[in-house]
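User: I'm new to reading protein models, and I'd like to go through this one with you. Can we start with how two helices sit together and then look at the empty spaces?

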Amino acid sequence: MKVGVLTSSRADFGIYLPLLRALRDDVFFELEIIAFGTHLSDFYGRSVDQITALGFQVSHEIESMLLTDTPASISSAIGLTMIKFSDFWKNNANRFDFVFCLGDRYEMFAAVSSGVPFNVRMAHIHGGETTLGAIDNVFRHSITLASSLHFVSTDAHGEKVAALIGTNDRIYNVGALGLDNVMDMQLLSIQEFQDKWGINLGNKTILVTFHPETMNLKRNEQNVNELIKAINSLSAYQFLITMPNADTAGSIIRRALKENFELKKNFYLIENLGSQSYFTAMKYASFLLGNTSSGIIEAASFNKYVINLGNRQLGRTAGDNVLHIPVSATEILAAVTKIELKQGTQINNIYWNGGAAAKIIRVLKKL
């Protein structure tokens, strides 16, 4: 079976990794990786190099990113990505039995949508989820409608996909693919992490990832200022801050974080940790703070509490370890106090279903 995998960013590649290894190592499959989006951007760390460093061959590179993140630039990037992929699908649509796409990014939406006239058979991972605070919600559901196979993370998300496409056929609850990394990945020790990044995770650490809310752009400056105010009041911790993705208004968040924390002691701003280091940081962190999907999906597997801020992830199914609060310094500090009292409580992960990559492989082999 000839399988393509669309990967547009460090985030989706990290989730894909268990599946990519399974596809690569099974002689039943011929794997081709199609890299585009921020993978090819020097500004975002050129993460395509991490793909090759892990022993994978990138079969196709398609450049279509713009450097700015205004609404006009994002819209233009969608159009440019569609144009670039229209040429790609024209020459390559018939070479794949299935092409995997993941999540809800605007550039993923563009790559998938341009394949519709060519009848490219897409296999969508993480469909049926909801994020009311981000424009990604529109893109995710559109990708679902354009896909032929659906690998969802919970039964509830499978029901949403069925409602969207009008049938229960070819919908498989495999759990969250990224959790395979949690179970299988060899993480770094505290010393190894310090040798690599110069950060001692033996100290009390808050892992922060904060993205803009793309459904209400005017709130982002106020939101990041409230976050900064709260962080400055938490002097008992050091902060490991991963920088935002290429979203509309992401530069507002990025600039504020750099201006306030880049040169301060006990603050570490990292563009791209990579999966191994990111999960290592999650393992040893006191808790997570921000509005990233990894706090909703992966953190419970490390028995970590999460302070989820604002509306970006609003509507996504979450476990009891996630505290949903407004982006308010006062609310954040109160949530920190609450979490400090809860430390040590055992947490179950609602997104774990016994290993997603193996389940996906079994489905593909039966088609």
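Analyst: Sure! One definition first: a helix axis here is a line fitted to C-alpha atoms over the stretch in contact, and angles run from 0 to 180 degrees between N-to-C directions. Keep in mind that this is a predicted model.

User: At what angle do the axes of H8 and H11 cross?

Analyst: Helix H8 covers residues 190–197, and helix H11 covers residues 274–284. Their axes come within 11 Å of each other. The crossing angle is roughly 130°.

User: Are H8 and H11 parallel, perpendicular or oblique to each other?

Analyst: Take the angle of roughly 130°. Over 145 would count as roughly antiparallel, and 65 to 115 as roughly perpendicular. The angle fits neither range, so H8 and H11 are oblique.

User: Is the crossing of H8 and H11 left-handed or right-handed?

Analyst: This one is about how one helix is turned relative to the other. When H8 passes H11, the crossing is left-handed.

User: Which class has 5 residues in the contact of H8 with H11?

Analyst: From H8 come Ile190, Phe193, Lys196 and Trp197, and they meet Ser277, Thr280, Ala281 and Tyr284 in H11. Sorted by class, 2 of these residues are polar and 1 is charged. The class with 5 residues is nonpolar.

User: Now the spaces. Which element gives the largest share of the lining of the second largest cavity?

Analyst: The count comes to 2 cavities of 30 Å³ or more, and the second largest holds about 40 Å³ of space. Strand S11 (287–290), helix H12 (293–297) and strand S12 (306–309) each supply at least two residues of its lining. The largest share, 3 residues, comes from S11.

User: How many charged residues are in the lining of the second largest cavity?

Analyst: Its lining residues include Thr209, Leu288, Asn291 and Val306. By class, the lining has 4 nonpolar and 6 polar residues. As for charged residues, there are none: the lining has no charged residues.

User: And which helix supplies the largest share of the lining of the largest pocket?

Analyst: The largest pocket holds about 1,000 Å³ of space and is lined by 47 residues. Lying nearest its centre are Arg10, Ala11, Asp12, Gly14 and Ile15. Among the helices that each supply at least two lining residues are H1 (10–25), H2 (48–53) and H11. The largest share, 8 residues, comes from H1.

User: How many residues of the lining of the largest pocket are polar?

Analyst: Split the lining by class. You get 13 nonpolar and 13 charged residues, and the polar ones number 21.

Notes
Residues numbered from 1 in each chain as written. Predicted model: local features only at pLDDT ≥ 70, side-chain atom pairs only at ≥ 80, totals over all residues. Heavy atoms only, no water. Helix = DSSP H or I, 4+ residues; strand = E, 2+ residues; numbered from the N terminus. Parallel < 35°, antiparallel > 145°, perpendicular 65-115°, else oblique. Contact = heavy atoms within 4.5 Å. Nonpolar A, V, L, I, M, F, W, Y, C, P; charged D, E, K, R; others polar. 1 Å grid on protein atoms, 1.4 Å probe; cavity = no way out; pocket = protein on both sides within 12 Å on 5 of 7 lines; lining within 4 Å. Points joined across faces, edges and corners; volume = space filled by probe spheres on them.
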